[in-house]
Amino acid sequence: MPRVSQDHLEARRRQILDGSRSCFARFGYEGATVRRLEEATGLSRGAIFHHFKDKESLFLALAEDDAGRMADVVAEQGLVQVMRDLLDERSGTTPGADWLGTRLEVSRRLRTDTDFRQRWAQRSEQLTQATRARLQWQRDSGNLRDDVDVDVLTAYLELVLEGLVSHLAMGLPADDLGPVLDVVEESVRRHRGR
């Protein structure tokens, strides 16, 4: 039997994650049936579950992948940029991010599923660490206010992110939230000469 290359396995895994992301975003966790996952990925259940133990493992891998992608944005541009990307995604100006659907489903499952909450807690620290590191770098560069601890600012920005996700989940208007994020961003900056 021919051996499958690591590159092929990784490409197949990426295909599954990308296809399932749209399926979970459109139908939610419960509505993303195996048949729908097969349709969204273009693969059989055997191919999908060769790479992932079960649907929950697939969803956790997807959420972890998105958290990693968000952490990359945080490392380069900060957590407020992730929030801007979520707004742009909702308005259709940044269709490549695709984070909102996954983030909404993660938030829902955290609230309703104790087992998921425990499994997710083991994986979700990546975004917090990236935010904390970015804020510390900003502080060391003299750009971050120095009267509030970095851990407090990290928690503050994470709360704002969760509030934004809740706002979007409720379908509330979001067209005017850019200036709100400007205020959030400004609130953590160091103001010289005051």
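**Close-up 1. Helix α9, end to end.** Helix α9 runs through residues 150-169, and at 1.5 Å a residue its 20 residues should span 28 Å; the end C-alpha atoms sit 28 Å apart, which agrees. Keep in mind that this is a predicted model.

**Close-up 2. The two faces of α9.** Which residues of α9 are buried? They are V150, L153, T154, L157, L161, L164, V165 and L168. These residues cover an arc of only 120 degrees around the axis, so they end up on the same side of α9. There's a neat bit of geometry to remember here: an α-helix has 3.6 residues a turn, so residues three or four places apart point the same way. Now look at the face turned away from the buried side, and you'll find the exposed residues L159 and A169.

**Close-up 3. The ends of α9.** At the N-terminal end, D149 acts as a cap: one of its side-chain oxygens lies 2.9 Å from the backbone nitrogen of D151. After the helix comes G171, and its phi is positive, near 75 degrees.

**Close-up 4. A salt bridge inside helix α1.** R21 pairs up with D18 in a salt bridge, with the closest N and O atoms 3.1 Å apart. Both belong to α1 (residues 6-31), and because they are three residues apart, about one helical turn separates them. Are the two partners buried or exposed? R21 is buried, at 5% relative accessible area, while D18 is partly exposed, at 38%.

**Close-up 5. A salt bridge between α7 and α4.** Here R119 meets E56, and their closest N and O atoms are 2.5 Å apart. R119 lies in helix α7 (residues 114-121) and E56 in helix α4 (residues 55-77), so this salt bridge ties together parts that are 63 residues apart in sequence. R119 counts as partly exposed at 23% relative accessibility, whereas E56 is buried at 15%.

**Close-up 6. A salt bridge between α9 and α6.** Back on α9, E162 forms a salt bridge with R103, the closest N and O atoms being 2.3 Å apart. This pair links distant parts of the chain, since E162 is in α9 and R103 is in helix α6 (residues 99-112), 59 residues away. E162 is partly exposed, with a relative accessible area of 29%, and R103 is buried, with 14%.

**Close-up 7. A salt-bridge network.** Some salt bridges share partners, and in that way R14, D18, R21, D65, D66 and R69 are joined into one network. How many salt bridges does the model have? The count comes to 20.

Terms used:
Residues are numbered from 1 along each chain as its sequence is written. This is a predicted model: local features need pLDDT of at least 70, side-chain atom pairs count only at pLDDT 80 or more; totals for chains, interfaces and linings use all residues. Side-chain values use heavy atoms; hydrogens and water are left out. Helices (H or I, at least four residues) and strands (E, at least two) are DSSP runs, numbered from the N terminus. The expected span of a helix is 1.5 Å times one less than its number of residues. Buried means under 20% relative accessible area, exposed over 50%, partly exposed in between (1.4 Å probe, protein chains only). The arc is that of the directions from the helix axis to the C-beta atoms. A polar contact is a pair of N or O atoms within 3.5 Å; within protein, one must be able to donate a hydrogen and the other to accept it, and residues adjacent in sequence count only if both atoms are side-chain atoms. A salt bridge is a side-chain nitrogen of Lys or Arg within 4 Å of a carboxyl oxygen of Asp or Glu.
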